[in-house]
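Here is a short tour for you to follow with the coordinates open. Take a look at the fold first, and then read on.

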Amino acid sequence: MGMISRRDSIKAGLAALASTAVAGGVSREVSAQTASEALFTVQQTFIPIANSTQQFPVRRIYCIGRNYAAHAREMGSDPTRESPFFFQKPTDAIQYVAPGKVVEHPYPSLTKNYHYEVELVVALKSGGKDIPIERALEYVYGYALGLDMTRRDLQRLLGDQKKPWEIGKSFDRSAPIGPIYPVSAVGSFLKEPISLAVNGVIKQRATLDQMIWSVAEQISKLSEANELFAGDIIYSGTPENVGPVVKGDVILCKLDRLPDLSIKIT
Ligand code: MN
């Protein structure tokens, strides 16, 4: 492509962007407009909705860091002074784990210290900017039980080197998750016990009311940083006593009122 025609096509692209840049849905309108000309299909990630044939399309996976005081302390920070911080995993990091099954989860490359983090996951049915705390739960579609799997050695090494610790957290299948349970069927999750066992030995145990930042506060805070949309999910942080697994280990996660979630490291 010559210089001029490339510049022209960039201009045309920008014009198309501008014409669809209406509040609240730039990327989706652009993709809808150009879908028929797409070079290839990129697979959408879905999470099954419990007791339904419907699927929850995932837009973004947000995660909150250090959201239980004892876990913040074990990671070397002061839980009383820090604002919440967020990171993302790629959307296709989802690994669906059906209830009643032990799903094989491959030990990832590049790590020798692979950690579990059991978490409540919040799925949004709508979004917005600057959502007030007192209205935040109105945006929740449902809840799921999930694992924020972590290459802890890479996370720590890169952090110590003041480099982004992205690949410590964001990699293929780093987000195992069970089905989503709609609020309309199961209500909200606010103070339920959550736990994780490895090979039958309890490792993590807490209640959801021990979160430093509640689900409503997380949604509100996150909406100050990014406009939220239906399809966004939030991993809401893990209790203390994270730790390593090796090949052959079986992880069993429990959250009151939801079915267990289990994976085997292979
Ligand atoms: Mn986590």
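The report below goes from the overall picture to the core, the sheets and two loop residues.

## Overall picture

Please keep in mind that this is a predicted model. The protein chain has seven helices and 18 strands. Of its 266 residues, 34% count as buried. Among contacts in the protein chain with a separation of 6 or more, 72% are between residues 24 or more positions apart.

## The largest nonpolar core

A good place to start is the largest nonpolar core, which has 56 residues; V121, V122, A123 and A144 touch the most other members. Strand β8 (residues 118–124) gives the most to this core, contributing six residues.

Which residues is A123 in contact with, once its neighbours within four places in sequence are left aside? The list consists of F56, Y141, G142, Y143, A144, I180 and I233.

## β8, β9 and β12

Strand β9 (residues 140–147) is mostly covered, with seven of its eight residues buried. β9 pairs with β8 in the antiparallel sense, over seven bridges, and L147 of β9 stands opposite V118.

β9 is also joined to strand β12 (residues 181–182): two bridges link them, and they run antiparallel. Here G142 has P182 of β12 as its bridge partner. G142 turned up earlier too, as one of the contacts of A123.

## Helix α7 and its cover

Turn next to helix α7 (residues 215–225), where the buried residues are V215, A216, Q218, I219, S220, L222 and S223. What covers them? The elements include β3, β4 (85–89), β8 and β15 (233–235). So β8, which gives the most residues to the largest core, is also part of the cover over the buried residues of α7.

## A five-strand sheet

Five strands make up an open sheet with mixed pairing, in the order β6-β18-β17-β13-β14. Why is one side of β6 (102–105) and of β14 (201–207) left without a neighbour in the sheet? Both stand at the edges, and each has a single partner strand, so there is no neighbour on the other side. On average, neighbouring strands of this sheet are turned by 20° against each other, direction ignored.

Within this sheet, strand β17 (residues 250–255) pairs with strand β18 (residues 261–265) in the antiparallel sense over four bridges. One pair to look for is L252 with its bridge partner S262 in β18.

## A three-strand sheet

An open sheet of three strands has antiparallel pairing and the order β10-β7-β16. The edges are held by β10 (150–151) and β16 (243–245); each has a single partner strand, so one side of each lacks a neighbour in the sheet.

Strand β7 (residues 114–116) is joined to β16 by three bridges, in the antiparallel sense. For H115, the bridge partner in β16 is P244.

## Two arginines with positive phi

Two loop residues deserve a look at their backbone angles. R66 is not a glycine, yet its phi is positive, at about 45°. R66 sits in the loop between β3 (61–65) and α3 (69–74). Is R66 buried or exposed? R66 counts as buried because it has 21 C-beta neighbours inside 10 Å.

R173 also has a positive phi, near 60°, in a residue other than glycine. Its loop lies between α5 (166–169) and β11 (175–177). With 16 C-beta neighbours inside 10 Å, R173 counts as partly exposed.

Notes:
Residues are numbered from 1 along each chain as its sequence is written. This is a predicted model: local features need pLDDT of at least 70, side-chain atom pairs count only at pLDDT 80 or more; totals for chains, interfaces and linings use all residues. Two strands pair if DSSP finds at least two bridges between them. A residue is buried if 20 or more other C-beta atoms lie within 10 Å of its own, exposed if 12 or fewer, and partly exposed in between; C-beta atoms are placed from the backbone. Two residues are in contact if their C-beta atoms, placed from the backbone, lie within 7 Å. A nonpolar core is a set of buried Ala, Val, Leu, Ile, Met, Phe, Trp, Tyr and Cys residues joined through C-beta atoms within 7 Å. Axes are lines fitted to C-alpha atoms, for helices over the stretch in contact, and angles run from 0 to 180 degrees between N-to-C directions.
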